[in-house]
Amino acid sequence: MTGAAGYDATHAAWRRDPEAWWAAAARGITWDTLPTRSFDAGMGVYGRWFPDGRLNTCFNAVDRHVAAGRGAQAAIIWDSPMTGRIETITYADLLDRVGRLAGALAARGVGQGDRVIVYMPMVPEAAIAMLACARLGAVHSVVFGGFAAAELATRIADAKPKAIVTASCGLEPGRIVKYKPLIDAAIGLSPHKPGAVLILQRPECPCDLTPGRDADLLAAMADATPHPCVSVAATDPLYILYTSGTTGAPKGILRDNGGHAVALHQSMSMVYGVGPGDVYWAASDVGWVVGHSYIVYAPLLAGCTTVLFEGKPVGTPDAGTFWRVCEQHGVKVLFTAPTAIRAIKKEDPEGVLLKRHDLSKLEALYLAGERCDPDTVTWSERLLGKPVVDHWWQTETGWTITGNFRGLGLFPTRPGSGGKPAPGYDVVVLDEANRDVPAGQIGSLAVRLPLPPSALPTLFNADDRFREAYLTAFPGYYSTADAGMIDEDGYVWVMSRTDDIINVAGHRLSTGAMEEVLASHPDVAECAVVGVRDTLKGQVPLGLVVLKHGVAKAEADIARDLVAMVRDRIGPVAAFKEARVVARLPKTRSGKILRATLRKIADGDDFVVPPTIDDPAIIEEVGAVLKGAMR
Ligand code: COA
Ligand code: AMP
């Protein structure tokens, strides 16, 4: 069976008996103790997958491929236009390097359940550090390199790591990002102080080591005794990935070992249609969930070759780089964010650079991370002549909620829709009273509990926050905080977030966190940050501030301060470049700022003035200030 029939049959088989379906998927994993049950509804907040199974994720991602005689196969191809280097790491090499780093961490007191922060650019050692933690049963927490010291400090304070693995620098076009001062500042700010910091010295900008705390990563690995895999419970944590929440405090999304390994291994064949030996490339960053799942874990669990790319879609050196990488390494499936394709499309609209490359091995392009405009799908489909699949997911789930499934046979795509629910997900659209919304009408997208394997079982050390944030709005369901609809043929259309999260170039950011920064300026009385439509990045943040009475400082200077403060406290990745002063902010009579209305004004969209507005005259005032904000 192929196409819609293949998908329908598989989704129906999962629905008939989810536990048997997942038990079959679990056979793709090598267990130390095979689980006797797929799911225990009484365990944890809403149940736990594979409650009595034991395994090691690193063993499944590395050792077992070497044991099966595939040690000479490439596991990781590091392609770095930033440094001009390309390095191939075989599974046998990877096993040696991961075992040594695990040994080096163990020698510094890291053991099962201990946390390790990984703050790394896109170098192989980032993946090696993650796998080394998994090998020890330690819990890694990767922090994206574009976050500032204060954000890193929040994560150190919450995760309380025994060690940090980092590099001397990251490389951005035209600028070297020195990590050591950021690490020192973050450790200084955090009440918790990790005992050890292992630093990869990059030749582009080596750093001084702090005696008694820091060690050279490669020297520590060379000195270490390789550490064997530690058997852990399927329900033990593999990693914490902090993501923006609705308040400034980031949420520690927790991932377990067993469910994660089963779902990710299964997804490689079912969703992407790739298997052992195939070259798979997720052009993302290890700091994001896509990087965790599809640069590191899933391709390695499936025995693929994964491409780890240190560069940008444009400017390193040009908009043909993605296609050069696909040709040079024989990439079969490419996964990236719509922003990356929009950036390429802008510089190479007719595909002149694309056509210079032999893309005969490339079979499909998958997109996720933000809503994809139909034009980007049709443009890439036309030029590539291959299927382009938009699929919807979240840091919380770790793999796709909806999509189109090469392993089941693709059904026709509908540009603008994220496809149909993956087997494992019962996706519904609900209204505020928890009632099903008819097909074609917009409501809140929710998933009937339990969530499938790999989705978060809870938040790190915060069961109550997990219940409150995700399970309370719609009892019996996981609230995705996305609004959208399901059409009559079952395609899911994800339209917008229902909270204060915005997606800037596929990066998930909280406007609430930015508002906290703006509000701390001594001249600001109140503020709002909204995501304004941007033709390249999807959305960019725009700050609106009301100044305190009697402020003498020039508005332009205050705006400059605010931009610098967000860059300094959250990081350059927030792409906060604009703040405007307004006399008042539109509010409801109860004092709630009308952010959705502000966004529509800035975007030039039609809107209805909410009947609850305090003073309708403000709309015109703010409109005059916002004119031209949209790109
Ligand atoms: N370390 C330090 N700084 C970083 C960084 C990192 N890892 N990643 C980004 N930054 C900085 C950039 O240098 C930039 O700084 P600047 O303000 O000094 O120019 C800022 O953060 C914003 O970065 P970005 O949003 O990446 O914008 P850009 O203009 O540099 O590049 C694109 C535009 C489209 C090329 C880029 O956004 C992109 O590749 N997007 C795809 C995103 C993606 O893969 N997302 C993953 C989800 S699947
Ligand atoms: P992140 O956790 O960074 O992966 O961001 C998750 C959010 O990005 C989702 O809640 C959506 O708002 C948005 N998102 C991700 N993929 C898609 C998609 N394919 N279509 C629409 N929105 C998406």
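**Exercise 1. Cysteines**

Task: Find how many disulfides this predicted model has, and check what surrounds Cys58 and Cys229.

Solution:
- Start with the cut-off: two cysteine sulfur atoms form a disulfide if they lie within 2.5 Å.
- Now take Cys58. The cysteine sulfur nearest to that of Cys58 belongs to Cys229, 4.8 Å away, and Cys58 is in no disulfide.
- Look from the other side: for Cys229 the nearest cysteine sulfur is that of Cys58, at 4.8 Å, and Cys229 is in no disulfide either.
- The count for the model is zero disulfides.
- Are these two cysteines buried or exposed, or partly exposed? Cys58 counts as buried because its relative accessibility is 0%. Cys229 has 25% relative accessibility, so it counts as partly exposed.

**Exercise 2. A covered strand**

Task: Describe how strand S15 sits in the protein and which way its residues point.

Solution:
- Locate the strand first: S15 spans residues 251-256.
- Next, check its cover. Six of its six residues are buried, and the strand is mostly covered.
- Then sort the residues by direction. Lys251, Ile253 and Arg255 point one way. Gly252, Leu254 and Asp256 point the other way. Residues on both sides are buried, the charged-looking names included: Lys251, Arg255 and Asp256.
- Finally, find a partner. Strand S14, residues 237-243, runs antiparallel to S15, and six bridges join the two. As a landmark, Pro237 stands opposite Asp256 of S15.

**Exercise 3. Unusual backbone angles**

Task: Locate the cis peptide bonds before Pro317 and Pro450, then the positive phi values of Phe50 and Ala481.

Solution:
- Go to Thr316 and Pro317: the peptide bond joining them is cis, with omega about -5°. Pro317 lies in the loop that links strand S17 (305-309) and helix H11 (321-329).
- Move on to Leu449 and Pro450, where the peptide bond is also cis and omega is near 0°. Here the loop runs between strand S24 (443-448) and helix H14 (463-471), and Pro450 is part of it.
- Now turn to phi. Phe50 is not a glycine, yet its phi is positive, near 50°. Phe50 belongs to the loop between strands S2 (48-49) and S3 (54-55), and it counts as buried because its relative accessibility is 1%.
- Ala481, again a residue other than glycine, has a positive phi near 65°. Ala481 is found in strand S25, residues 477-486. With a relative accessible area of 15%, Ala481 is buried.

**Exercise 4. Around ligand 2**

Task: Work out which residues come nearest to ligand 2, which polar contacts the ligand makes, and how much of its area the protein covers.

Solution:
- Begin with the shell of 15 residues around ligand 2. Asp390, Thr395, Asp482, Arg497 and Arg508 come nearest.
- Sort the shell by kind: four residues are nonpolar, five polar and six charged.
- Now look for N or O pairs. In the side chain of Thr395, such an atom is 2.5 Å from an oxygen atom of ligand 2. The side chain of Gln394 offers another, 2.9 Å from a ligand oxygen. Gly369 contributes from its backbone: an N or O atom there lies 3.1 Å from a nitrogen atom of the ligand.
- Last, consider the cover. On its own, ligand 2 has 490 Å² of accessible area, and the protein covers 94% of it.

Notes. Residues numbered from 1 in each chain as written. Chains lettered and ligands numbered in written order. Predicted model: local features only at pLDDT ≥ 70, side-chain atom pairs only at ≥ 80, totals over all residues. Heavy atoms only, no water. Buried < 20%, exposed > 50% of the residue type's maximum accessible area, 1.4 Å probe, protein only. Helix = DSSP H or I, 4+ residues; strand = E, 2+ residues; numbered from the N terminus. Pairing = 2+ DSSP bridges. Near = heavy atom within 4 Å. Polar contact = N/O pair within 3.5 Å; in protein donor to acceptor, adjacent residues only side chain to side chain. Areas by Shrake-Rupley, 256 points an atom, 1.4 Å probe, with all protein chains shown as cover. Nonpolar A, V, L, I, M, F, W, Y, C, P; charged D, E, K, R; others polar.
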